[in-house]
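This report describes the fold elements, aromatic pairs and backbone details of one protein chain. The sequence and the structure are shown first.

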Amino acid sequence: MTREAIDEFRRFQRDKEVNSQLYSKLTVRGSCFIRTDQLDGETDWKLKVAVSCTQRLPALGDLFSINAYVYAQKPQMDIHSFEGTFTREDSDPPIHESLSIENTLWASTVVASGTVIGVVIYTGKETRSVMNTSNPKNKVGLLDLELNRLTKALFLALVALSVVMVTLQGFVGPWYRNLFRFLLLFSYIIPISLRVNLDMGKAVYGWMMMKDENIPGTVVRTSTIPEELGRLVYLLTDKTGTLTQNEMIFKRLHLGTVSYGADTMDEIQSHVRDSYSQMQSQAGGNNAGSTPPRKAQSSAPKVRKSVSSRIHEAVKAIVLCHNVTPVYESRAGVAGETEFAEADQDFSDENRTYQASSPDEVALVQWTESVGLTLVSRDLTSMQLKTPSGQVLSFCILQLFPFTSESKRMGIIVRDESTAEITFYMKGADVAMSPIVQYNDWLEEECGNMAREGLRTLVVAKKALTEEQYQDFESRYTQAKLSMHDRALKVAAVVESLEREMELLCLTGVEDQLQADVRPTLEMLRNAGIKIWMLTGDKLETATCIAKSSHLVSRTQDIHIFRQVTSRGEAHLELNAFRRKHDCALVISGDSLEVCLKYYEHEFVELACQCPAVVCCRCSPTQKAHIVTLLQQHTGRRTCAIGDGGNDVSMIQAADCGIGIEGKEGKQASLAADFSIRQFRHIGRLLMVHGRNSYKRSAALGQFVMHRGLIISTMQAVFSSVFYFASVPLYQGFLMVGYATIYTMFPVFSLVLDQDVKPEMAMLYPELYKDLTKGRSLSFKTFLIWVLISIYQGGILMYGALVLFESEFVHVVAISFTALILTELLMVALTVRTWHWLMVVAEFLSLGCYVSSLAFLNEYFGIGRVSFGAFLDVAFITTVAFLWKVSAITVVSCLPLYVLKYLRRKLSPPSYCKLAS
């Protein structure tokens, strides 16, 4: 009690210390960057913005003297949305400001650049990160559960056998005492050494995985479930950083009539250079006269623009329409001068890096830099571009409409400070943009072509606004942003009033590079009968792109994109539409999935399980874990989850077998997982080779240990029934102990080195893996076969000893025990499929131990209480009679099994034998 009180007090002090810290950091520009990789798995930085009315305060200390309050929504699990208002009461009139997701910093995120003062809204269990985590469970392998079932069956057999013995005695005298004596005599049926052998085996498998040179850096963090790797049916994988490297490269620009690829980028560069040098010469010639003609042009009928001007417009739109901020990292030499460097416009190229919430945007801005138009600085209200000739153009940012998963597009309104023109630029997914832009005949087709190449497409468009149009829009927009009810809908409605008849500029294609060998690995897993589900927090379009380019969905397959559903009726209609499709991959978003699971859980899971591949996008961490548990409950099959970020931890812990990848997103997933690997492609060898071996070996080992106990109990039963059901032990204590340990332990345990297929073969023919998932290596059928073998061998050994040694009955123990040890060693040899030199050593070592122990254990080879009188006659052991009789018994007990095994291999060989030959 006292210790707990002291701990509690210390914890209280520590909390108080942490919670009363003042975060005295503030950026000049009222914005900062945060890293959210442990929350949503995306490695890029996200821009967060301060409340603007607090930015106008003269000094930092004034923050604590204003009278204001924040109204926030109740705690929710959704990490992509937030609604609230900030009200300052001590000004006249009171200032109301709307708060959205970009004004918040979630817990478990890191401030990457800039500094922050904040007010805490959610703490403890109410934070988004805590609401999205789940408690880990203890994982037990399927093989262990199966062996437990068999052990229960053996226990029932033990009780039944004891009762039968007492019944055959005729319940004479104190029969219940005899019952317990029989229970003790036959207790070897229960394989107590099974757990020890299996646990040591699991340790060996883990060691082999970590020592495998083909999958370097693999770490086994659990010693209980290596066999699970051989029984998987569902693999649930994350996308970003697991299948992809999370590195984007700009690949293609399409202008409708002409398309530019990686090899023709230099043409774009020359066009951009020419158009800017022309503009400069025009501007130099007559500054005043350059504006009227431009006004006239907009009212004149549309003239077909030259390619050069279209490229110029497209590049300018791409460099302006984004949420990217250039960050200048100070080099060691000028560490103290960074503040001045920014003021002096020292935008030197070598220490500039771009930060944005999406790696696609960074790729686009890096590309515009490579063709000559560079984004050099940006804050909340302005943006500066540098032309190829080094001139700096300034633009004022009037409004920014960030990307959301609903709108699938982002927009920006900018004013060119040299000409005072206001332009509304917009870019987004083709589905969202095609109704907005003016009619054209090429957009849909080209988007399809790019998507088939595995590129992520964005459509870019623009619209020129007059000052009056903009002022009208701004007043309506501000009004909509302050409403507390249906704010999102009202804001969207106002923005949509602008999004009409926009001029289509271009289509861009960006490639997210896949990790090494992802395609062959997914192909291998598919051939192995493993169904792959991709659960990602990313957008629907991106997820579909990667599913195609990684060949998760094969080229010939259709993709059914599940429509957004919000009610029970919609879900019902959509599920019926999906039911009519055959052999097509399913793509569904997190919120639609939530609705389907709420009303039609069983039907949905049943349909999804028939799909060759399933992609769930916009999944929160808890949803990922929920999908895993659903699959376990509905199918009863083994699931494996693989991921690389903090957002995959819940899924990894919920799955029967969790694999973490050490990636860019840190080690959180790898530390929470059961197995940690370096690259996605290593999973192929981990499952096909190590999973297969672990399962096959443990199955053989488990059944052999059971056989070892059953055979000696059968001999005891035969012995007792021959001697009028006397409850007398056949073998003395030390022989029984030695039998399970020193005499047979090494050969039996050497089964953990056995393999039925060479690793190369298992990798070449992943179809072999399908057999494992049926669980045929360890089932009631194989168990009964082993029971029959044990009864046959035990009976032969005991009866053989009794029949052949009528005259020297005193020696029956020596004979039967020697034959028993030989039989066990031969049975190990029969079970082995591929010999290893250590197995041969183990066989001879055990035989040597037994022979040498005969010399000094002679008094144990008597029967019952006579043992002290009947010493083991060393002279008798060396006679020819003893040797041939022992050999005869052993041959009769083992030869038929060898013959049967040979015939079976000839008549119905297992699939791997056909390959090996």
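Are Phe82 and Tyr122 buried or exposed? Both Phe82 and Tyr122 are buried, where buried means under 20% relative accessible area, exposed over 50% and partly exposed in between, with a 1.4 Å probe and protein chains only.

The model is predicted: local features need pLDDT of at least 70, side-chain atom pairs count only at pLDDT 80 or more, and totals for chains, interfaces and linings use all residues. Residues are numbered from 1 along each chain as its sequence is written, and side-chain values use heavy atoms, with hydrogens and water left out.

**Overall composition**

The chain has 34 helices and 26 strands; helices (H or I, at least four residues) and strands (E, at least two) are DSSP runs, numbered from the N terminus. Of the 917 residues in the chain, 50% are buried. Among contacts (heavy atoms within 4.5 Å) with a separation of 6 or more, 73% are between residues 24 or more positions apart.

**Aromatic pairs**

A pair of aromatic rings is described by the distance of the centres and the angle of the planes. Rings of Phe, Tyr and Trp (its six-membered ring) pair if their centres lie within 6.5 Å; planes under 30 degrees apart count as stacked, over 60 as edge-to-face and the rest as tilted. The structure holds 21 aromatic pairs, including the two in the table.

| Pair | Centre to centre | Angle between planes | Class |
|---|---|---|---|
| Phe82 and Tyr122 | 6.4 Å | 85 degrees | edge-to-face |
| Phe780 and Phe783 | 6.4 Å | 80 degrees | edge-to-face |

The pair of Phe82 and Tyr122 links distant parts of the chain, 40 residues apart. Phe82 lies in the loop between strand E3 (68-72) and strand E4 (84-88), and Tyr122 in the loop between strand E6 (110-113) and helix H4 (128-131).

Phe780 and Phe783 both belong to helix H29 (residues 780-804); because they are 3 residues apart there, about one helical turn separates them. An α-helix has 3.6 residues a turn, so residues three or four places apart point the same way. Phe780 is partly exposed, with a relative accessible area of 43%, whereas Phe783 is buried at 7%. Elsewhere, ring pairs link Phe401, Phe424, Tyr470, Phe473 and Tyr477 into a cluster.

**The nine-stranded sheet**

Two strands pair if DSSP finds at least two bridges between them. An open sheet of 9 strands follows the order E10-E9-E19-E18-E17-E16-E15-E14-E13, with antiparallel pairing. Strand E10 (259-260) and strand E13 (374-378) are the edge strands, each pairing on one side only. At one edge, strand E9 (residues 244-254) and E10 are antiparallel over 2 bridges, and Ser259 in E10 is the bridge partner of His254.

Helix H10 (residues 307-320) packs on this sheet, touching strands that include E9, E10, E13 and strand E19 (503-514). The direction of H10 makes about 60 degrees with that of E19; axes are lines fitted to C-alpha atoms, for helices over the stretch in contact, and angles run from 0 to 180 degrees between N-to-C directions.

**The E4-E5 hairpin**

E4 and strand E5 (residues 95-99) run antiparallel and are joined by 5 bridges. Phe86 has Glu97 in E5 as its bridge partner. A hairpin of 6 connecting residues leads from E4 to E5, and Pro93 lies in the loop between them. The peptide bond from Asp92 to Pro93 is cis, with omega near -5 degrees.

**Helix H31**

Helix H31 (residues 837-854) has 18 residues and reaches 26 Å from its first C-alpha to its last, close to the 26 Å expected at 1.5 Å a residue; the expected span is 1.5 Å times one less than the number of residues. Its buried residues are Met839, Ala842, Glu843, Ser846, Tyr850, Ser853 and Leu854. Seen down the axis of H31, these buried residues fall within an arc of 120 degrees, so they line one face of the helix; the arc is that of the directions from the helix axis to the C-beta atoms. Trp837, Phe844 and Val851 are exposed on the other side of H31.

**Positive phi angles**

Most residues other than glycine have a negative phi, and most peptide bonds are trans. His551, which is not a glycine, has a positive phi of about 65 degrees. His551 is located in the loop between helix H18 (540-549) and strand E21 (558-561), and is partly exposed with a relative accessible area of 24%. Asp583 likewise has a positive phi, near 50 degrees. Asp583 sits in the loop between helix H19 (568-579) and strand E22 (584-589) and counts as exposed at 55% relative accessibility.
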